[in-house]
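Please examine the sequence and the structure shown below. The paragraphs that follow lead through them one part at a time.

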Amino acid sequence: MSRIVLTAFLPFIAAIILSGLVLWLLGANPVAYYTIVVQRGLFSTGGLQASATHMAAPLLIGASLIVAFRAGIWNLGGDGQFLLAAVVVAAAAPNLAGILPRWATLSLCLALGAAVGAAWSVLPALLKAYQGVNEIITTLMMTFLGVSLANVLVKLVFADPHTTVPQTRTLPVADRLPHVFHTTISSGLLVGVITIILVQLVMARTAFGLKLRMVGASQKAALHAGLPVPRLIFSVFGLSAALAGLAGAVDILGVQGNVRADWNPAYTLTVVPLVFLARLNGFAAIPLMFLFAILSIGGESAARRLGVPNQFTLVVMATLLILLGVSETLDQRRRNGGPG
Amino acid sequence: MLSLQGVTKRYPGVVANDRLFIDFAAGEVHVLLGENGAGKSTLVALLSGLQTPDQGFILLNGARQVMKNPAQALRHGIGTVYQHSMLVPSLSVAENIALGGAWWRRPDLPGIAARMATICQDIGVTLDPAAIVGTLSLGEQQQVEIIRALLRGSRFLILDEATGMLTPNAAQELGALMRRLAQRGLAVLFITHKLREALAFGDRISVLRHGRLAGQISPERLAGTDHGQISADIVHLMFGSAQSAAGPAPVPAAKAGDSPVLQAIALAVAHAPPIDLAISAGEIFGIAGIDGNGQKQFAEALAGQSPAQGGHILLDGQDLAALTVGERHKKGLRYVTDDRLGEGTIGSFPISLNLLFKNLADRPFWRHGIEQPAPIHAYAEQQVAAFDIRTPSVDTPIGKLSGGNIQKVLLARELSGPARAVIFAKPTNGLDVQNTIATRQRIRAAASGGLAILLISTDLDEILELSHRIAVMAGGRLVGVVENGPDARREVGEMMSGLAE
């Protein structure tokens, strides 16, 4: 019990105090800031529902990263995979909505997003599986290409002729992912939660997951055990990138409705530290993503009201991550009987 | 000049150097011979200040010296040249030699070049101080390292496996250079496991075995002409003396006439000539030889881990050459790897899963790909009991076990189920006496149970104790096969020393 307090609770309090200090230096009232964050992100019905809706894409990105990282594949190209899928889905959905029933449009678009995401990982996957090229570099490079390509597509190919700002046609609210019961929470949240739980179960409880974990832990041992290592690496890339693409589809179909030019939420780089804090465990990732969503939603309102930069949420998040990392290092040393 | 006084170094579970008394004289090329794991590297580490002895001490010119780090060893005039180049390839020769000087001073490159020229002339090598190291041959790079050591005032020069990476000609040149250095009054310690070089370049030879000094060949004997007898003696020293061959007599060979269980026909591995081999049921076929002569590649080609260039692998007459590792395992061809931690197991995974690495997704442990904890647990409990694996629980990460218990897990995995033929690679390497005995009993029991056994080992005693027939592997090929018997040690020794000449 004291360990949980030490490694999770203390850093959390410390992060709030430290970020409060920064707010105070900026000339804003920290107490007011946090009050608004909690009120708007958690305790108001609209805020809570917005937070829950905003969890969907990060949850799917988290699932994408957990698959890859547990198999020892550092797919950091999620942002490119996400954005390209989002753009293609945003372009296709309004057209499909005219001819197909809602459920068919939505399921087709979810599948389309996953397929586009997976397609964007084929090149790094081939290079990694058969040439051993470092996937950190190739996936990051593919993200630059993917983000640029997505912008080009929005501006030149899929731009809505009826608007002056370059953006895709907007999907009417009636054609988007349905709300959960009588709330305003998008059912994208359900897709996210179910997916991350499924990913956790597959990785921990199936032979396929075990094979992926073996490849991740020791390729030499996987080869010795007779596993088809290149093929497994290929499927890890495909699965991980498909989940990132699915995140893009869910974000468009549930929240955004269209893609504006130069839009890039860059979820992957924010979610990477979160899944590490969750120790690559899908169950543990869910509450962390919720916390992150509250901070994002509540922080936005608070920033607007108090006149601090919108990015201040990221300062709080970063401080928390650094402190959690530090406390974890200290805890590890203490358990190993080392100094500290 | 330098002498070891009962130097002992222990690592967890092994005594790497055991009460060594060796004298090194100025003007002498002293060769240190020994198999991998005999304690050569530890001795180099002790002399070059990377390690300090647990017991005993080092006398330098009669005074007791403690060297806590490489810088101190250098100050005492002990220079070391390692097998792998320690030079910066993008810098010139002179710049490399200037490295390690005071950081606030501009390196005096012309001065270094001048001093280099004197030394080069003295020892009879030609090197351009302005040449970029990366463009030099490995032999030349080694000369640079030797000159660097001499410029730093080394009087005792250690060449650690210095010829390991060189072409035969370059090795010959290095040998001649060693002789010239010794003539200039330096003490040279040359570490190698190549017998031929030891005889050609050395004034005195010390042989290490299991961390002990197994014996020495004096300069008087080396000066003699009977190198055949000397190399036979050295092989005895390296691989065990005739008196210690008190192992139990080998089990009688299996019935002749039966078709062999495991057969390699013209199996081409890497660039070595094709190998033919046939092992019948109940037979243990031993492959002796110095490590790194293609044994690992051969075993991996049989097991399917690395591709063969051609030929056939027959198990009970069925060709396996096109099958994958997993399929060969299921057919009954098993491989107990010597790389227990690197590829045999995954240290952070529980014992229960490590036992099933080669049965992934098989019933009853997985149903429709979904893990079934109960049968996995029950199977692990049963294997832990059957193979006497000492562990707190079957869920313990295997990396926490001792080497002997990890080996038992590998044995349990490879000997269970429908096994027909088993390849053992250095099965007792790094194990303590008790686990060594237990492992050898398992191997013998497996053979008595009707399996065909291929035993690859660098421990000649082990080969002689267990095998029915013995082959020697060198340069990737099997150079000869003898029946095990009273003369086998001599015959195998002759094959091994014959290769050395």
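What span should the 28 residues of helix 12 of chain A have at 1.5 Å a residue, and how far apart are its end C-alpha atoms? The expected span is 40 Å and the end C-alpha atoms are 39 Å apart, which agrees; the expected span is taken as 1.5 Å times one less than the number of residues. This is a predicted model, in which local features need pLDDT of at least 70 and side-chain atom pairs count only at pLDDT 80 or more, while totals for chains, interfaces and linings use all residues. Residues are numbered from 1 along each chain as its sequence is written, and chains are lettered from A and ligands numbered from 1 in the order in which they are written.

Helices (H or I, at least four residues) and strands (E, at least two) are DSSP runs, numbered from the N terminus. A residue is termed buried if 20 or more other C-beta atoms, placed from the backbone, lie within 10 Å of its own, exposed if 12 or fewer do, and partly exposed in between. Because 21 of its 28 residues are buried, helix 12 of chain A is largely enclosed by the rest of the structure. Just after this helix, A:G257 takes a positive phi of about 85°.

Helix 12 (residues 229-256) of chain A also gives the most to the largest nonpolar core, with 15 residues. Such a core is a set of buried Ala, Val, Leu, Ile, Met, Phe, Trp, Tyr and Cys residues joined through C-beta atoms within 7 Å. The largest one has 240 residues, and those with the most contacts inside it are A:V87, A:V89, B:V188, B:I453 and B:L455. Two residues are in contact if their C-beta atoms, placed from the backbone, lie within 7 Å. Leaving aside residues up to four places away in sequence, A:V89 touches A:C109, A:L112, A:G113, A:G248, A:A249, A:I252 and A:L253.

A:A97 is found in helix 5 (residues 78-99) of chain A. Why does A:A97 count as buried? The reason is that A:A97 has 20 C-beta neighbours inside 10 Å. Beyond four places in sequence, A:A97 touches A:T105, A:L171 and A:D175. A:A97 and A:A174 are 77 residues apart in sequence, yet their C-alpha atoms are 9.9 Å apart in space.

The contact between the chains takes 15 residues from chain A and 22 residues from chain B. On the side of chain A that touches chain B, helix 10 (207-217) and helix 11 (219-224) are the elements that give two or more residues. The largest share of that side, six residues, comes from helix 10 of chain A.

Chain B is divided into domain 1 (2-239), domain 2 (243-249 + 258-332 + 419-501) and domain 3 (343-417), with bounds from an automatic or database domain assignment. The C-alpha centres of domain 1 and domain 2 of chain B lie 35 Å apart.

In chain B, six strands form an open sheet of mixed pairing in the order 6-7-8-3-9-10; two strands pair if DSSP finds at least two bridges between them. Its edge strands, each pairing on one side only, are strand 6 (78-81) and strand 10 (212-217) of chain B. Strand 3 (residues 29-33) and strand 8 (residues 187-192) of chain B run parallel and are joined by five bridges. B:L33 stands opposite B:T192 in strand 8 of chain B.
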